Amino acid sequence: MIKGSFPIEDFRGLQTPFYAYDKELLQKTLDVINAESNKYGYHVHYAVKANANPIILQTICASNLGADCVSGGEVKAAIEAGFSPDKIVFAGVGKADWEIDYALDNDIFCFNVESEPELENINVLAAQKNKIARIALRINPNVDAHTHSYITTGLNENKFGFSIESLPQVVVLLKKFSNVKLVGLHFHIGSQITDMSAFQDLCIKINELQEFLREKDICCQHINVGGGLGINYQHPNHVPIADFESYFKVFHDYLKVEKNQIVHFELGRSVVAPCGSLITKVLYVKKGTSKQFAIVDAGMTDLIRPALYQAYHHIENITSNANEEKYDIVGPICESSDTFAKDYTINAVKRGDLLAMRSAGAYGEIMASRYNLRELPKSYFF
Ligand code: LLP
């Protein structure tokens with residue numbers, strides 16, 4: 001098994017569990033994103049929901065990405081980290097009035113609007129401030145992303161966006177609203193997508209839609225294709241950076257853009273997942289009747305993905321090279337779902353060993369909770 005190299009000496013004395021972030025890998029990833037997206041003049045927004053750690057946000061902001069936010073709290077965090085409001089987009093099916101007000105006060109670039117009543121509400125709130133809100137309509141393209149059902153968003157059965165069929169009626173409605181301006185179309189089909197043909201399908205749907213809208217004399221300057229690029233959870237050391245080259249090329253090859261149209265992306269996981277690991281200590285090795293358990297001090301409260309989505313995270317014993325053995329690796333929370341891996345082969349563990357749960361930089365720290373009144377783990381950058 002190829003192992004990552006961890007600065008074990010620097011880990012000594014730190015209270016476990018904690019999140020360890022690899023600054024160099026984050027920067028390299030951002031450099032690749034910029035190099036590949038700049039080839040085509042694409043604008044990339046970082047999906048703050050993946051990880052809003054202030055140092056991560058500042059690093060991403062310094063690499064000139066914009067921010068994709070889904071709550072007033074995220075808009076605030078992005079602004080505090082230095083993102084210019086004119087690079088902030090704000091999505092979400094349930095934006096509260098205070099969140100819309102806050103975004104209007106800060107003159108963000110665009111609201112990704114998901115329903116008619118939301119459109120009407122933004123119009124009312126913008127009118128109260130004598131402002132014109134720039135909006136993009138989130139369209140549900142009914143494209144299957146072939147990913148976990150909890151993170152598939154672009155099917156008709158999902159709660160997100162407008163259906164293509166409802167668009168003519170929405171366009172009529174828009175004409176009545178003088179405090180919103182349609183500037184874009186927004187799409188997002190799901191997350192952890194590794195089959196590029198799903199993005200190809202999305203491009204084809206967008207092309208058809210643009211054609212349909214052109215017949216109605218509607219052309220939007222901005223096309224936001226969302227995020228969703230997956231990473232390699234199985235082999236974090238072999239493939240530490242997602243395939244941004246192929247990803248952006250799919251859009252270049254298949255998406256038909258009008259002159260002056262700008263293509264936007266909202267990438268979260270692929271930007272930050274590989275650079276983060278959850279470091280945890282083995283508390284006890286318990287011999288069960290048919291298996292043995294490695295009981296660690298991290299729980300589903302610190303990395304909920306295995307419990308919530310049956311997600312795989314590569315786990316390494318970073319303090320031992322002893323012969324490999326099989327364990328169920330479990331946390332201390334009073335729930336059976338507090339299991340990181342079952343029948344997992346790893347260098348034999350003993351009390352006090354440190355394990356690294358890899359690819360935890362996205363949807364790890366940000367989804368942590370204090371269930372069982374646990375302390376939130378700290379984060380460190382190496
Ligand atoms: N744009 C929109 C509208 C989204 O809903 C999402 C993610 C993104 C962009 C960023 O997608 P990404 O590039 O990260 O795939 N907690 C789950 C993932 C939830 C994703 C929700 N939306 C997980 O741990 O797998």
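## What counts as buried

A residue is called buried when its relative accessible area is under 20%, exposed when over 50%, and partly exposed in between (1.4 Å probe, protein chains only). F244 comes out at 1% relative accessibility, so F244 is buried.

## About the model

This is a predicted model: local features need pLDDT of at least 70, side-chain atom pairs count only at pLDDT 80 or more, and totals for chains, interfaces and linings use all residues. Residues are numbered from 1 along each chain as its sequence is written, and side-chain values use heavy atoms, with hydrogens and water left out.

## Aromatic pairs

Rings of Phe, Tyr and Trp (its six-membered ring) pair if their centres lie within 6.5 Å; planes under 30 degrees apart are stacked, over 60 edge-to-face, and the rest tilted. That rule gives 19 aromatic pairs. One of them is F11 with F382, edge-to-face at 5.0 Å centre to centre and 65° between the planes. F11 sits in helix α1 (residues 8-11) and F382 in the segment after β17 (378-381), so this pair ties together parts 371 residues apart in sequence. (Helices, H or I of at least four residues, and strands, E of at least two, are DSSP runs numbered from the N terminus.)

How buried or exposed are these two? F11 counts as buried at 2% relative accessibility, while F382 counts as partly exposed at 27%.

## A stacked pair and its cluster

Now take F244 again, with F248: their ring centres are 6.3 Å apart and their planes at 20°, so the pair is stacked. Both lie in helix α9 (residues 244-254), four residues apart, about one turn of the helix. F248 is buried too, at 0% relative accessibility. The two belong to one aromatic cluster with Y40, Y42, F199, Y247, F251 and F265.
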